[in-house]
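Colleague: Got a minute? I'd like to go through this model with you.

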Amino acid sequence: MRYSQMLLPTAKEVPAEAEVISHQLLLRAGCIRKLTSGLYTYLPLGLAVLKKVEAIVREEMNRFGAQELLMPMVQPADLWEESGRWLKYGPELLRFQDRHNRDYCLGPTHEEVITDIARREFHSYRQLPVNLYQIQTKFRDEIRPRFGLMRGREFVMKDAYSFDVSDEAANQSYQNMHNAYTHIFQRCGLEFRAVEADSGSIGGSFSHEFMVLADTGEDTLVICQECEYAANVEKAKVVLAAASEKIAPTDLHDDLHDCVKVETPGMKKVERVADFLKVSPQQIIKTMIYLADDEPVAVLVRGDREVQPVKLKNLLHVNEVELAEDDTVWKRTKLPVGYIGPVGIPIKLVADQEIMTMTNAVAGANEKGHHLTGVHPGRDFTPVAVGDLRQIAEQDRCPVCQGALELTEGIEVGHIFKLGTNYSEAMHAVYQDKEGKEQTMVMGCYGIGVSRVVAAAIEQNHDKNGIIFPLPLAPFQVIILNLGMKNKETCAAAEKLYQDLQAAGVEVLLDDRDERPGSKFKDADLIGIPYRVTVGKTWEKEGKVELRTRHDGATTLLAYEQASSTLAAMIRDELQALNSSNGQKEE
């Protein structure tokens, strides 16, 4: 492709609307353009990167035996009513009616449609296992679309679904997809981790997220420094400290004190109460009021801890939890914010497991300006449920090996689920086993945010000058800068190198614009092509071209006659090295 003929509108200024670096650079590099909130047009450069991701995904899914199909984006409501998700999914599901007043939605995911296909087409154990996938546009009506391709309303996704005869067989399908995803992200040239995750609105018994590691990631990951354990912070298990490490009572005695009300005027915060009563925050029970499916519930964690909402939602088996605002707490419970405690509380009470190990604790007295001392779980209050409810911290230990933990940031680009029979049971997707008996299919679900991979790759690979595309995802592998547009010999040399590289199978962009060298250098850095070849004065004087690698800025001079063969070999070797690494990270 010739730069002069390509729709590639680069920009110097950072767009005011773009908050994260991938959004800024995708706009500046002429990869995408905004249509309206959360909706983007892919310009040729951006589409080329998207197609690179799609090709890798498609090759690896096919290699692991999955079959590609394409399902409608528009889905009828009756399928979603069968699965029970028509109302449960929430406002992200864009619902509408056709001219006959029949209800439909734009598909955010395709569990219902694929299950309908399975129940119609697969009737015998001999037809299973099967794995079907598509690469298709999805729509989720996000309340606040942001960060460009990272969280748009319309996006490109690969979603796959497996159907098996048993849990054991489904586990093998799940592992196959785990391996396939590992191969995919290795081939994309990305640094990533597979972490245990919450299944969310998709459902299922367990799941893993594939996270691209980046400082700007929206998700916090917990990674053990001594074993392979890794989890999203929403799923990370907290292991209670050994008895010898538990916080001792403030008076250093094991005796249980009487529960005593004390005045704490104007002291609503844990730190102020701790200073006033001469105790540590670890000896205070913090009571938070949440709305669980709009019902108030009191949640207990230690004074120096924070509630993890996803863990709370799972413990309560509800669809949604949110921290209640101060005025909502008073309206719904008549309890004074800052002085709420578990003793005698008139609403549902749940506690983090750590609370039940405390003795002689301090808690709110449910009376303005007062707290209780000598509070003891089990004697003074009894929660209706106890579990792991708190946010894990780096000071905690690995739940597998007790090793040290590290918290880091990541961007979710893939998610695999063991669905079990959630959908097949609800929608009666069954088969006949060897004895002719009817059995329910066991399902798995596997998604990759194809357009999100593009953004995540840029978040992980950029510098102050622009994008640094990993070679497998780059829209072009080489960019040739012709710096002698007024010199016929230089133009002829650049043209021949361009033709030779194309003949060698290299994807190459020839910058044949009549622009100053500085502008060409800046644009080449901005759009992130891995290899830059400059044909200019060095060629005119010495018969050599300058080769610069984008990721490290290293430059070298190549004899003009050897440039195309050298570059083609370098690119071939780098891609082969990435492909041959497949399987190294498999568990």
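Colleague: Which element gives the most to the lining of the second largest pocket?
Modeller: That is β14, with five residues. Keep in mind that this is a predicted model.

Colleague: Which other elements supply at least two residues of that lining?
Modeller: Besides β14 (285–292), there are α6 (270–277), α8 (326–333) and β18 (361–364).

Colleague: How much space lies in the second largest pocket?
Modeller: About 580 Å³. The lining has 25 residues, and K268, K286, T287, M288 and G338 are the closest to the pocket's centre.

Colleague: How do the lining residues divide by class?
Modeller: There are 13 nonpolar, five polar and seven charged residues in the lining of the second largest pocket.

Colleague: Now backbone oddities. What is the phi of K278?
Modeller: K278 has a positive phi, about 60 degrees, and it is not a glycine. Most residues other than glycine have a negative phi.

Colleague: Where does K278 sit?
Modeller: In the loop between α6 and β14. Those two elements each supply at least two residues of the lining of the second largest pocket.

Colleague: And the peptide bond from L128 to P129, cis or trans?
Modeller: Cis, with omega near 10 degrees. Most peptide bonds are trans. P129 is in the loop between α4 (111–121) and β7 (130–139).

Colleague: Let's switch to helix packing. At what angle do α2 and α10 cross?
Modeller: Roughly 115 degrees. Helix α2 covers residues 44–63, helix α10 covers residues 450–460, and their axes come within 9 Å. That crossing angle makes α2 roughly perpendicular to α10.

Colleague: Is that crossing left-handed or right-handed?
Modeller: The crossing of α2 and α10 is right-handed.

Colleague: Which residues meet there?
Modeller: From α2, V49, L50, V53 and E54. From α10, V450, S451, V453 and V454. By class, the contact of α2 with α10 has six nonpolar residues, one polar and one charged.

Colleague: What about α1 and α10, how far apart are their axes?
Modeller: 8 Å apart. Helix α1 spans residues 21–28 and packs on α10 at about 105 degrees. So α1 is roughly perpendicular to α10.

Colleague: Which α1 residues take part?
Modeller: I21, S22, L25 and L26. They meet V454, A455, I458 and E459 in α10. The contact of α1 with α10 has six nonpolar, one polar and one charged residues. V454 is worth a look, as α10 uses it in the contact with α1 and in the contact with α2.

Colleague: One more pair. Why call α11 roughly parallel to α14?
Modeller: Because their axes cross at roughly 30 degrees, and angles under 35 degrees count as roughly parallel. Helix α11 is residues 488–503, helix α14 is residues 560–580, and the axes come within 9 Å. The crossing of α11 with α14 is right-handed.

Colleague: Which residues make the contact?
Modeller: On α11, A493, K496, L497, D500 and L501. On α14, Y560, A563, S564 and L567. The contact of α11 with α14 divides into six nonpolar, one polar and two charged residues.

Conventions: Residues are numbered from 1 along each chain as its sequence is written. This is a predicted model: local features need pLDDT of at least 70, side-chain atom pairs count only at pLDDT 80 or more; totals for chains, interfaces and linings use all residues. Side-chain values use heavy atoms; hydrogens and water are left out. Axes are lines fitted to C-alpha atoms, for helices over the stretch in contact, and angles run from 0 to 180 degrees between N-to-C directions. Helices (H or I, at least four residues) and strands (E, at least two) are DSSP runs, numbered from the N terminus. Angles under 35 degrees count as roughly parallel, over 145 as roughly antiparallel, 65 to 115 as roughly perpendicular and the rest as oblique. A crossing is left-handed if the near helix is turned anticlockwise from the far one by less than a right angle, and right-handed if clockwise. Contact means heavy atoms within 4.5 Å. Ala, Val, Leu, Ile, Met, Phe, Trp, Tyr, Cys and Pro count as nonpolar, Asp, Glu, Lys and Arg as charged, and the others, Gly among them, as polar. On a 1 Å grid over the protein atoms alone, a cavity is a set of points where a 1.4 Å probe fits but cannot get out, and a pocket is an open set with protein on both sides within 12 Å along at least five of seven lines; lining residues have an atom within 4 Å of a point. Grid points are joined across faces, edges and corners, and a volume is the space filled by probe spheres set on the points.
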